[in-house]
Amino acid sequence: MVMEDLSKDNFSLADRIKGLDEDHVKVLLKKIAQFHASSMVLVKEKPEIKDFLKDSLFERDIGDEKLFNDIICGNIPHIANIFKNKIGYENIAKKLGNIFNNFLERIVKVCHNTTKENLKVVNHGDLWVNNFLFQHDKDGKPTDVSLIDLQISFYGGLGVDINYFFNTSIPLGLLATKRYDFLRFYYKHLKQSLETLQYDDIPTWEDVKEEVTKKELYGFWAMESILPLIALNKDTAKDSSLDTLANEEALNNQRKIMLSEKRVYETMKYSLMRFDDLGVLC
C-alpha cells in the first residue's frame, strides 16, 4: 500500500453539507469524463476487467441483509409518509410504497442494462463530495481534483456515476437550472478524451443523454439514501454509527432528523415531481 499526503499540494475537501459550486462541478465532471474515457480504452485492451469488476454495490455480499436493505431503501417508506398528505404528492407517495417492494431488483437492472456497449465504463461508484480532493490556486479557484475511495467501482453504464454525482453533490438551485449544461460539459470532455486516445466507437450526445435518463432510478436512490447522510449537520452526524443503523428505533429517529434537513427536504420536494414526470417511480 502506498499513501500520499495530497494536502501538501493544496488538495482539500469541499463542504459536503453545502455541495459544490459551478467551478468545482466542472472540474469534477472533466475529471470523471477523462476517467470514464480511459476506462473504455483500457477495457478494450484488457476485456477481462469486465469480469473482475462485474458486481455493483447491490450485488456484493455485505453480510447483514436486513441492515443492507435498511441502508439501501429504508428511507423510502418514511419519505412516502412525509409527502402522503402534501397537496400534489398524494399519488407520488403511493408510488413510493410500490417501488419499495422490488427496489433492489430494479436497481441492479439499472446498473447493467445499457443499450450500447460503448456507453459502459468503469464507474467510480461512490461519487460524492468527500470522495473528491480539490486542488486550488492562490485565489481559491479549483484547478484539479483527485478521486479517492474507489473500492465499490464496477463496470456498467456511465449514467450511474452521473446520476449519483448529480443527486448527491450539486445543490438544488444549481442542479435545477444547470443539469443539462453540466451533462453537455461532461460529454464534451468525454468526446475530447476519446478522440485523444483514438477510440473508434465514440458515443453520440443523444446516446449519452438517453443513457443518463434511463439511469434516473439510480439518481432517485442517491437522493433518498445517500443525500440525507451527506447533508446531515455536523452536530447530529456525531451520533451516527453502525450501532445506530442496527438499532431500529434509533435509526427511525435518525431518519426523522435527516429527512427534515432543509437541503434534503427541498431537494426531495423538487426531485420527486421530476422523477415522477420521467416515469421513474412507476
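This report covers helix packing, aromatic pairs and buried residues in a predicted model.

**Packing of α4 and α10**

Two packed helices are described by the angle between their axes and the distance between the axes. Helix α4 (residues 75-83) packs with helix α10 (residues 216-230) at an angle of about 95°, and their axes are 10 Å apart. That angle makes α4 roughly perpendicular to α10, because angles of 65 to 115 degrees count as roughly perpendicular. On the α4 side, the contact is made by Asn75, Ile76 and Ile79; on the α10 side, by Phe220, Glu224, Ser225 and Pro228. By class, the contact of α4 with α10 has four nonpolar, two polar and one charged residues.

**Aromatic pairs**

The whole structure holds 13 aromatic pairs. Two of them are set out in the table, each with the distance between ring centres and the angle between ring planes.

| Pair | Centre to centre | Angle between planes | Arrangement |
|---|---|---|---|
| Phe103 and Phe220 | 6.0 Å | 65° | edge-to-face |
| Tyr187 and Trp205 | 5.9 Å | 55° | tilted |

The pair of Phe103 and Phe220 is edge-to-face because its planes are at 65°, and planes over 60 degrees apart count as edge-to-face. Phe103 belongs to helix α6 (residues 103-112) and Phe220 to helix α10, so this pair ties together parts that are 117 residues apart in sequence. Phe220 is also among the α10 residues that meet α4. Phe103 has 1% relative accessibility and counts as buried. For Phe220 the relative accessibility is 1%, and Phe220 counts as buried.

The pair of Tyr187 and Trp205 also links distant parts of the chain: Tyr187 lies in helix α8 (residues 172-196) and Trp205 in helix α9 (residues 205-214), 18 residues apart. Tyr187, at 10% relative accessibility, counts as buried. Trp205 is buried, with a relative accessible area of 11%. Both assignments follow because buried means under 20% relative accessible area.

Ring pairs also join Phe58, Tyr164, Tyr218 and Trp221 into a cluster. A further ring, that of Tyr199, has Lys44 over its face, at 5.4 Å from the ring centre.

**Helix α7**

How many residues of helix α7 (residues 159-169) are buried? In α7, 11 of the 11 residues are buried, so the helix is largely enclosed by the rest of the structure. Among them are Gly159, Asp161, Asn163, Phe165, Phe166 and Ser169. Tyr164, a member of the ring cluster, is another of the buried residues in α7.

Terms used. Residues are numbered from 1 along each chain as its sequence is written. This is a predicted model: local features need pLDDT of at least 70, side-chain atom pairs count only at pLDDT 80 or more; totals for chains, interfaces and linings use all residues. Side-chain values use heavy atoms; hydrogens and water are left out. Axes are lines fitted to C-alpha atoms, for helices over the stretch in contact, and angles run from 0 to 180 degrees between N-to-C directions. Helices (H or I, at least four residues) and strands (E, at least two) are DSSP runs, numbered from the N terminus. Angles under 35 degrees count as roughly parallel, over 145 as roughly antiparallel, 65 to 115 as roughly perpendicular and the rest as oblique. Contact means heavy atoms within 4.5 Å. Ala, Val, Leu, Ile, Met, Phe, Trp, Tyr, Cys and Pro count as nonpolar, Asp, Glu, Lys and Arg as charged, and the others, Gly among them, as polar. Rings of Phe, Tyr and Trp (its six-membered ring) pair if their centres lie within 6.5 Å; planes under 30 degrees apart count as stacked, over 60 as edge-to-face and the rest as tilted. Buried means under 20% relative accessible area, exposed over 50%, partly exposed in between (1.4 Å probe, protein chains only). A charge sits over a ring if NZ of Lys or CZ of Arg is within 6 Å of the ring centre and within 35 degrees of the ring normal.
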